[in-house]
Structures are given as C-alpha cells and as structure tokens.
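Work through the exercises below with the sequence and the 3D structure open. Try each task before reading its solution.

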Amino acid sequence: MSRSKTLLFVATCLWFAGSVFAQGQKPLTVNELISIAINSSPQVLAARDQSQAIKGQLSTARAIPNPDFEVNTGQQRSASGPLTTGNVSSWSVTQPLDMPYTRFPRVNAAEANVRAAEAGRIAFEIEIISKVQQRFYEVMRRDAELSAAEADLDLTKQIRDRMQVRYDVGETARFELIRAQTEFLNAQINAESSKLRVMQAKSMLRQTVGHGLPADYSVVTQSIQMEALPPLATLIQELQTQSPELKRAKAEVESTESRLSFEQNSRLPRISLKAQQYNDPNFTDRQYGLVFSIPIWDFKGGQIAEAQANASKAKNLLNAQSQNLEQQMETAYQLYQMTSYQVKILDQEVVQLASSARRIAEVSYRYGERGMLEYLDAQRTFRLARNDLIRARFDLASVLTEIERLRATPELIAKIESVRQ
C-alpha cells in the first residue's frame, strides 16, 4: 500500500514539474517581452536610480540652513587689583536666513532637474520599448521568410522528383532535369539561410530584452496592426507637445536659467540672526544682532559667466533637438508613405498577378503547352514578389514603431507605467 502511494506521489510531482516547465516555455507576446525588458534591463534600472538621486537633490535644495552653536568656558583670574575670580562661560547661536532671492531660484533649478530626469527616464524606456518591438518584428519577418522558404523547398522538391520520373522514362531532356535540381538546391540553401537568420534575429531580440529572457524562448506570431496616421503637421505638433526628449531639454533650459538667477542674486548680502551671552562672576552680558555677508572682494563674476554660458548652451541644444526630432519625424513619415504604397501595390496587384501567372504556367506545363523553364521562371517571379511583400510589411511596421516612439503618446506612457513592477 505504501509503495503505491509513493509511486502516485512521484507521478504527481513529475506531472507538476512538467506542467511548470511547459508554462515556463510558453510563447511570449510582444507585451510580455516589453515587460521583461522594462523590469530587468540594467540600463532601465540605472535610469530609475538616477531619477531618484535627482529627487534627493530637490530635498537638499528645499532644506532650511542649520544654525551654528558656539559654547566656550574658562576661568577668570586677577592679574592685579581686587577683581573677582571664578569661572566664565559664553555661548552664541547664529541662524542663517534663507533669503527668498536665493532660495526660490535654487529650489526652482532643483525642480527643473527633477522634471528633466523624469523625462529622460521616460524617453529611455520608450526607446527600449521601440527596440524590443523592432527586434520582435524582425523575428516575425524571419519566421515568415522561413515558412515561405520551406514551402518553396517542398514545391521544388516535388518538381525535381517529377522531372526525375519524366527523365527516367525518356519524356524530357537532361537539361530540364538539371535545371530542376538547381532550383531545388537553391531553395534548400535559401531555407537553411532562413533558419540561420531566424536564430540571429532571436539572439538580437534576447540581447535587447536582457538575460531575464531564456535562451530557448519562442514568440507568439501575431498580425501587424497597420494604423492610419494623421497628417504630418499634426504629428509634428504632437512631437512638440508630447516628446519626452523635448520636455527634458526644456526642463534643462529652466534649470540653467534658475541657476543663473541664483548666481546673480548671490551678490546680494546674506543675513544671519545671532544671539550670544557672556557669563562673568560679576555680570552677565547678552547681545542680539544681525550678521551680514557683503560681497566686497568676490562679485560672483566667474559663476555668473559660467551660468550664462550654460543657459545659452541649453537653449541652443533645445533648438537643435527640436530640429533633429522634426527631421526624424519628416523622414519617418515619408518612409511610411512610401512603404504603405509598396505594401498596397505588392499585395493587391504584383503578388496576385505573379500568383496568377504561376498557376497558368503550371497548368500549361502539365498539359504540355509550355516547358519547365517557363514554369520555373514564373515560380521564381512569384517568390520574389512574395518576399518583397513580406519585407515591405515589416518595413512598414518598423516605420510605424519609430513614429510611435517620436510621438510618445499618452497611451504609450501609460503602457510604460502599467508594465513597471
């Protein structure tokens, strides 16, 4: 009885382990790949740590200056004359005042740095998402090419076998058999090359996602969503208002301008409140007053000049970044128009015509109206058109991904926050 229970327990454990292994090896969707990349990429985690560090600098900028305490003690002795001898002591407290003309620019600069760091983090994570999508589409493209290559290999094998039979019975010339064998070998080479390209694409995808992705992973093949884009003027307007890279550049401009204001206002006197008391065996002396730090020798000329240069540099970088992103958007939109037209023409006309020509050539060949060479030429033309369509579809998906990265829509940012742990 105990042996039966033991065997049942072992079988249950093996079944459970197999189930877990099967779940661990399930194909991954693009959203799951993005989630792994966002939550495990060392670069993304470092960008988040940098954002937290900048927030710590904001707390430092908002802090109130600490007071200075001074305590002294000693003895009083008479060198000559009838003076009272005994212990003496003194203490003083100096509280620097955080003047508004320096506090507000300092805090504003720190707040702008926080916004810049957060925008930089979002821009980096959007770039990671874009790279993962690009690599994912590359894997899908190579899988589609492999499926097409295997179909071509199977078809050319049938043609070669059929030609071998006809050559054996003397119905065709050896030249046509050699041509069919050549087509079969070319299809075989193409299929093996397609397998290698699939492996390379999966390796590059794993490199982008990170080592949190197992080496023997597989992906879920899904259809590409081809959405219609608004006009270019609307896309550029969205770019100017939503791009995290421009938000970061604008925040850096605000930070440098606030820093310039801080340095300029630092030439004004710094004020501190001071209270002190002196205890003598004969009397107690209390004093209250103000301490002024007046810029007599140092007028902050070097600091102000540096801050002015940094503010000008930040503005120029903002203009350059805006022009660069607009140029990228215009280029991507032109590629979108071109690839959209290619997909439409290839899908609706070229591939269909090539498929019709291949069917006609096959039927004519079977009835002896045309030769093998014409049939193989029609087959080759169809393969080229079909491969061009596969390439154009995934080129269009790649362009749409790039435009999505540049637009940085609120939906994309919400997607980033939803996949974060």
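The exercises go from the whole chain to its cores, then to one helix and a few single residues.

The model is predicted: local features need pLDDT of at least 70, side-chain atom pairs count only at pLDDT 80 or more, and totals for chains, interfaces and linings use all residues. Residues are numbered from 1 along each chain as its sequence is written, and side-chain values use heavy atoms, with hydrogens and water left out.

**Exercise 1. The whole chain**

Task: List the secondary structure of the chain and decide whether the chain is spread out or compact.

Solution. Step 1: the chain holds 10 helices and four strands; these are DSSP runs, helices being H or I with at least four residues and strands E with at least two, numbered from the N terminus. Step 2: in sequence order the pattern reads α-α-α-β-β-α-α-α-α-β-β-α-α-α. Step 3: the radius of gyration is 38 Å, well over the 22 Å that the globule rule gives for 421 residues, so the chain is more spread out than a compact globule. The radius is taken over C-alpha atoms, and the rule is 2.2 Å times the number of residues to the power 0.38. Step 4: the C-alpha trace spans about 145 × 80 × 30 Å along its principal axes.

Task: What share of the residues is buried, and what share of the contacts joins residues at least 24 apart?

Solution. Step 1: buried means under 20% relative accessible area, exposed over 50%, and partly exposed in between (1.4 Å probe, protein chains only). Step 2: by this cut-off, 35% of the 421 residues are buried. Step 3: a contact means heavy atoms within 4.5 Å. Step 4: of the contacts between residues at least 6 apart in sequence, 80% join residues at least 24 apart.

**Exercise 2. The nonpolar cores**

Task: Find the largest nonpolar core and the helix that gives the most to it.

Solution. Step 1: a nonpolar core is a set of buried Ala, Val, Leu, Ile, Met, Phe, Trp, Tyr and Cys residues joined through side-chain atoms within 4.5 Å. Step 2: the largest one has 30 residues, and those with the most contacts inside it include Leu33, Phe136, Leu205 and Val219. Step 3: at least two residues each come from H2 (30–40), H4 (100–168), H5 (174–209), H9 (372–407) and H10 (410–419). Step 4: H4 gives the most, with 10 residues. Step 5: another core, of 27 residues, lies apart from this one and has Ala332, Val399, Leu400 and Ile403 among its members.

Task: Which residues does Val219 touch, not counting residues up to four places away in sequence?

Solution. Val219 touches Pro27, Leu28, Leu33, Phe136, Val139, Asp143 and Leu205.

**Exercise 3. The two sides of helix H6**

Task: Sort residues of H6 into buried and exposed.

Solution. Step 1: in H6 (residues 232–242), Leu235, Ile236, Glu238, Leu239 and Gln242 are buried. Step 2: they cover an arc of only 160° around the axis, which puts them on the same side of H6; the arc is that of the directions from the helix axis to the C-beta atoms. Step 3: Ala233, Gln237 and Thr241, on the other side, are exposed.

**Exercise 4. Single residues**

Task: Describe the surroundings of Gln277.

Solution. Step 1: Gln277 is in strand E3 (residues 270–279) and counts as buried at 14% relative accessibility. Step 2: leaving aside neighbours within four places in sequence, Gln277 is in contact with Ser89, Ser90, Trp91, Thr284, Asp285 and Arg286. Step 3: the C-alpha atoms of Gln277 and Ser92 are separated by 6.4 Å, although the two are 185 residues apart along the chain.

Task: Is Ser130 buried or exposed, and what is in contact with Ser130 beyond its neighbours within four places in sequence?

Solution. Step 1: Ser130 is found in H4. Step 2: Ser130 is buried, with a relative accessible area of 6%. Step 3: its contacts beyond those neighbours are Thr401, Glu402 and Arg405.

Task: Where are Lys300 and Ala408?

Solution. Step 1: Lys300 is in the loop between strand E4 (284–293) and helix H8 (301–366). Step 2: Ala408 lies in the loop between H9 and H10 and is buried, at 1% relative accessible area. Step 3: most residues other than glycine have a negative phi. Step 4: Lys300 has a positive phi of about 60°, and Ala408 has a positive phi of about 50°.
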